[in-house]
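Colleague: Please take one part of this model and go over it closely, in words that a first-year student can follow. I would also like to hear how that part sits with the rest.

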Amino acid sequence: MNRTVLDLWVGLFVIAGIVALLFLALKVGSMSAIKTAESYEVVARFDNIGGLKPRAPVKSAGVVVGRVADIRFDNETYEAAVTLRLDKRYAFPKDTSAAIMTSGLLGEQYIGLEAGGDSQTLKDQDRIFLTQSAVVLENLIGQFIYGKAQEGTP
Amino acid sequence: MLRQSIENLGNRTIHGVWRMGFAARFFVAILLHSGTAFRRFGLTIREMYFSGVLSLIIILVSGLFVGMVLGLQGYETLQTYGSEEALGILVALSLVRELGPVVAALLFASRAGSAITAEIGLMKATEQLSAMEMMAVDPIARVVAPRFWAGVISMPLLAALFSAMGIFGGYLVGVQLIGVDEGSFWSQMQSAVDFEQDILNGVIKSVVFGVAITTIALFEGYDAPPTAEGVSGATTRTVVTSSLAVLALDFVLTAFMFRGI
């Protein structure tokens with residue numbers, strides 16, 4: 001076969017392969033998954049994180065504004081220290097509260113941020129003080145049964 | 001009788017170890033003589049045409065059908081849990097992580113690997129390789145290394161094309177034929193598939209498979225007995241050994257990548 005025709009086919013093949021890779025990167029796995037340098041980290045402490053996992057989304061008003069970067073257990077306070085990596089484009093007041101929520105009945109767990117009213121905003125390595133732990137189903141059932149029993153006794 | 005069987009065992013062990021050592025030295029020799037494959041890149045391009053471009057049809061068609069079947073089967077299972085929107089996740093993750101690299105590698109082994117073995121084996125049987133040596137042309141640099149690099153470059157491209165075609169097939173069946181919501185199909189897929197964790201690991205897998213398949217194919221061809229039977233036996237061994245190697249390597253790589261052992 002002619003040399004140039006061969007080169008042409010191989011060139012087309014390589015272009016098609018790279019296009020397929022780009023399709024996978026951009027359309028299948030949104031490129032936002034690649035961490036941009038434009039982010040800042042804040043720490044929130046929870047009594048119980050339930051089934052929260054690293055890389056779980058952090059949402060405010062339902063919009064993803066960051067991801068869970070790291071989860072550690074603090075052996076001094078016996079709390080879970082969760083590091084949130086938030087997008088630099090979004091600034092939150094200092095008294096923002098964080099709660100662990102579940103999407104749907106059996107869905108994945110995520111952190112919901114509720115903005116406060118402070119005029120100062122959270123900076124890198126700041127701490128979110130107002131937190132609400134995950135709802136553990138067993139505790140909820142226990143409370144319900146306890147409440148029912150209380151009702152029964154006059 | 002007993003002595004005979006022990007001798008047989010010893011003979012096979014020695015032969016096996018010798019072949020392993022020869023294969024390892026052969027692999028190192030390919031790497032050391034790769035200079036020509038890049039200096040005269042035309043040689044590599046020629047081989048990429050034969051092992052990459054000519055494998056396109058089978059890779060694209062099987063990718064499309066694997067994706068379509070995944071769409072059908074995934075929908076049947078997911079709808080019993082009322083979560084057919086997760087079809088996009090199922091199709092994309094199974095293709096990008098596993099099926100894309102592995103099935104493309106198996107097809108590549110049988111389509112291109114066998115051809116490489118037959119070609120090199122026949123070159124050896126007709127003493128073309130010896131003739132090159134007589135002319136002071138190193139057959140490893142001139143014949144073997146370009147085929148190796150062509151396979152290593154082609155394999156990830158073929159795997160990516162397979163995955164992309166498969167996701168398109170899953171989209172055709174899931175969204176166009178069955179009627180899963182298009183928006184949630186893509187958006188759930190995008191939120192679940194991670195670039196580094198899933199796509200990059202899939203590409204790394206396919207590069208490793210490319211190295212394994214082409215090395216086995218070239219070695220079997222180079223080591224084939226110079227007879228018609230020898231070449232046919234070597235071709236069969238290429239397909240069997242490289243398919244098994246792909247599956248075993250896939251298990252090991254998956255264990256490292258997704259379980260973090």
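Modeller: What follows starts with the sheet of chain A, strand by strand, and then turns to the surroundings.
This is a predicted model, in which local features need pLDDT of at least 70, side-chain atom pairs count only at pLDDT 80 or more, and totals for chains, interfaces and linings use all residues. Residues are numbered from 1 along each chain as its sequence is written, while chains are lettered from A and ligands numbered from 1 in the order in which they are written.

In chain A, eight strands form an open sheet with mixed pairing, and their order across it is β7-β1-β4-β3-β2-β6-β5-β8. Helices (H or I, at least four residues) and strands (E, at least two) are DSSP runs, numbered from the N terminus. Two strands pair if DSSP finds at least two bridges between them. At the edges of the sheet stand β7 (126-128) and β8 of chain A; each has a single partner strand, so one side of each has no neighbour in the sheet. From one strand to the next, the twist averages 30°; axes here are lines fitted to C-alpha atoms, for helices over the stretch in contact, and angles run from 0 to 180 degrees between N-to-C directions.

Start at the β8 edge. Strand β8(A) covers residues 130-132 and runs parallel to β5(A), to which three bridges join it. One position to find is S97(A), whose bridge partner in β8(A) is L130(A). Strand β5(A), residues 97-102, also pairs with β6(A), residues 109-114, this time in the antiparallel sense and over six bridges. Within that pairing, A99(A) faces G112(A), and I100(A) stands opposite I111(A).

Next comes the link from β6(A) to β2(A), where the strands run parallel and three bridges join them. Here S60(A) has L113(A) in β6(A) as its bridge partner. Strand β2(A), residues 57-60, pairs with β3(A), residues 63-74, in the antiparallel sense over four bridges. In this pairing V58(A) stands opposite G66(A).

Now the rest of chain A. The chain is divided into domain 1 (1-34) and domain 2 (38-141), with bounds that come from an automatic or database domain assignment. The C-alpha centres of these two domains of chain A are 40 Å apart.

Chain A also touches chain B. The contact takes 19 residues from chain A and 22 residues from chain B, where two residues are in contact if their C-beta atoms, placed from the backbone, lie within 7 Å. On the chain A side, 15 residues are nonpolar, three polar and one charged. Ala, Val, Leu, Ile, Met, Phe, Trp, Tyr, Cys and Pro count as nonpolar, Asp, Glu, Lys and Arg as charged, and the others, Gly among them, as polar.

Helix α1 of chain A, residues 3-28, packs against helix α3 of chain B, residues 41-51, at an angle of about 65° with the axes 9 Å apart. The two helices, α1(A) and α3(B), are therefore roughly perpendicular; angles under 35 degrees count as roughly parallel, over 145 as roughly antiparallel, 65 to 115 as roughly perpendicular and the rest as oblique. Their crossing is left-handed, a label used if the near helix is turned anticlockwise from the far one by less than a right angle, with right-handed for clockwise. On α1(A) the residues that meet α3(B) are L6(A), D7(A), W9(A) and V10(A), and on α3(B) they are I45(B), R46(B), M48(B) and Y49(B). By class, this contact of α1(A) with α3(B) has six nonpolar, no polar and two charged residues.

As for chain B itself, it has ten helices and zero strands.
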